[in-house]
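Here's a quick tour of one protein model. Have a look at the picture first, then read on.

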Amino acid sequence: MQTSEDCNKHRRKIDRKSCKYKNILLKETGIKHAEEPTKHLMICNAGLVSGISECEVVELFSEYGSIDLTTMLFVPQVQNNSVTSLPEGLYILNDFVTEDEEELLHKCIDWSKSTSNIDKLILKHRNVKHYGYEFNYENNNVDKNSPLEESIPHKCLMLFDRLKEKGFYNIVPWIPDQLTVNEYQPGQGIPSHVDTHSPFESPIISLSLGSDVIMDFKHRDGRKVPVLLPRRSLLIMDGESRYDWSHGITPRKLDVVQSLEYGLISKERSVRTSFTFRKIHHGACHCKYPFHCDSQQTSAVISNNDASQLEAVHVHQVYEEISSHFSETRHKPWPNVANFVSSLPSGAILVDVGCGNGKYFGANRHIFEVGCDRSIHLSQECHSRGNEVFTCDCLQLPLQSCCADGVISIAVIHHLATYERRLFALKEMVRVLQIGGRGLVYVWAKDQQKGNNMSSYLKQDRKNRRKDDINNQSRSNNERTGENSDSVEVTSDISLPVHKNRTQFQHQDLLVPWKLKTNKDIIFYRYYHVFKEGELEKIFLSITDAKITKSYYDQGNWCVLFEKIK
Ligand code: MN
Ligand code: ZN
């Protein structure tokens with residue numbers, strides 16, 4: 001049954017769309033839309049990309065009356081941002097195999113012997129088959145100790161003799177030991193990703209059979225290069241193109257390609273089979289491209305100016321927007337934090353810096369608590385539960401020095417984007433404590449698993465995984481090919497990697513997506529600086545009036561207990 005709310009939503013969607021197209025019409029042609037019906041009609045999204053010709057438009061609409069004139073209009077978006085030269089290190093070898101060889105290679109894949117349960121789940125979407133080695137779900141990597149029974153079909157190896165003959169021995173000095181065969185139906189694609197660096201040598205080699213396709217290469221500096229992979233061509237991704245560019249295939253049934261005779265034309269895809277060959281690499285990656293490198297996850301260099309801008313948009317603003325949904329998910333206190341609060345003596349004053357909805361209020365009925373949070377909505381929520389709370393930034397607590405007996409700050413300072421700001425926030429907490437007062441700080445750990453101590457964040461993933469395998473094709477695809485997510489531009493000169501939810505962290509400065517329960521299409525990106533072991537303790541070395549009394553790991557968090565000493 002359609003409710004009136006559904007109707008309204010639908011109405012708003014149509015309004016937004018018509019507004020967008022009116023703007024396109026005005027911008028591209030100077031024609032203003034009319035409020036009253038006229039004999040002119042604009043048809044949007046008919047053209048190259050959707051593969052609809054002028055003839056078809058005329059045919060479709062002649063049913064409704066005679067047509068005076070049709071004009072095809074091009075919105076100059078097609079080539080926007082695109083550059084023509086290939087990314088460095090990328091080679092396309094056309095007609096690498098003959099049509100006979102194409103058939104032969106097709107035949108040597110026995111899909112009936114498709115392997116694991118996980119593969120069967122994926123089969124619903126796309127045929128995938130591995131040879132040589134299987135990818136490991138736990139660490140998004142290849143398990144080098146358990147080779148598969150089936151090794152790479154012998155017939156494939158002639159491709160590597162041919163590479164040698166063609167003078168590519170310098171670039172491909174090895175024989176592959178891992179092969180992934182993918183069968184893409186028209187309309188299927190693969191999300192943009194970088195093949196994880198350390199598990200594989202360079203280059204990554206992929207043979208396209210059955211259909212041409214456009215593969216989109218993207219650099220985080222904004223460069224985009226659509227690369228045509230013709231049927232029977234070999235793609236070699238080496239150097240920058242392998243380590244520093246992401247690649248993906250947009251799911252659609254047609255590609256717009258440049259033809260010699262006709263200029264831009266649209267071309268239908270058919271079933272495409274790709275053979276991706278990789279060579280297992282042992283040890284760390286020593287490439288020159290640390291940004292996507294799983295072996296060289298350095299933290300981002302962020303200036304103080306950029307930091308406050310980043311926090312404003314990707315912390316403060318996001319928490320305002322997601323506050324009610326966020327609050328619903330935050331009700332269970334961490335036992336060790338609750339124990340700390342309970343340990344404060346009767347009559348003590350406790351400050352909760354970044355109290356959120358106030359889940360640590362009430363853990364000890366014999367103390368006086370005051371909370372603060374940067375989010376107006378969250379502090380209101382906390383206040384509505386009858387708590388004492390004010391809205392402020394943790395870099396500037398509106399409290400007198402030496403007024404508190406205890407301070408807690410749970411999952412707050414990992415949202416600060418520079419070392420200086422994290423130091424400053426801790427100094428503020430120490431400042432409000434009186435001598436002998438105690439504090440507890442929790443921050444997200446980069447390492448989400450220490451021995452048996454796994455974060456609830458990762459545990460959640462195991463529960464959801466089976467569901468996800470069925471529901472979420474792109475996620476499964478990502479995991480199976482050992483891929484990293486893309487990045488998002490956060491200021492004019494900084495892009496940060498986007499974390500794949502509920503997996504181990506690859507970077508220290510990153511964006512964690514948040515999807516609203518009510519509208520899963522809108523993704524919010526929260527900024528985090530996740531801490532390495534010992535990093536939180538190191539900050540305290542610069543705080544002379546406090547000493548660490550204990551530090552520990554608690555389900556994905558690094559935690560420090562401290563005391564003000566002078
Ligand atoms: Mn790939
Ligand atoms: Zn690397």
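Which residue of strand 28 stands opposite arginine 438? That would be glutamate 563.

## Ground rules

This is a predicted model, where local features need pLDDT of at least 70, side-chain atom pairs count only at pLDDT 80 or more, and totals for chains, interfaces and linings use all residues. Residues are numbered from 1 along each chain as its sequence is written, chains are lettered from A and ligands numbered from 1 in the order in which they are written, and side-chain values use heavy atoms, with hydrogens and water left out.

## The sheet

Seven strands (DSSP E runs of at least two residues, numbered from the N terminus) make an open, mixed sheet in the order 17-16-15-18-19-28-27. Pairing here takes at least two DSSP bridges between two strands. At the edges sit strand 17 (389-391) and strand 27 (546-554), each paired on one side only.

Strand 19 (residues 433-444) runs antiparallel to strand 28 (residues 557-564), and seven bridges link the pair. Helix 8 (residues 335-342; helices are DSSP H or I runs of at least four residues) packs on the sheet and touches strands including 15, 18 and 19. Contact means heavy atoms within 4.5 Å.

## The manganese site

Three residues donate to the manganese ion (ligand 1): His193 (NE2), Asp195 (OD) and His247 (NE2), at 2.2 to 2.3 Å. Donors are N, O and S atoms within 2.8 Å of the metal (3.2 Å for Na, K and Ca); water is not among the atoms, so sites may look incomplete. Their sequence spacing reads H-x1-D-x51-H.

Both histidine 193 and aspartate 195 are buried, meaning under 20% relative accessible area, with exposed over 50% and partly exposed in between (1.4 Å probe, protein chains only).

Conventions:
Axes fitted to C-alpha atoms, helices over the stretch in contact; angles between N-to-C directions.
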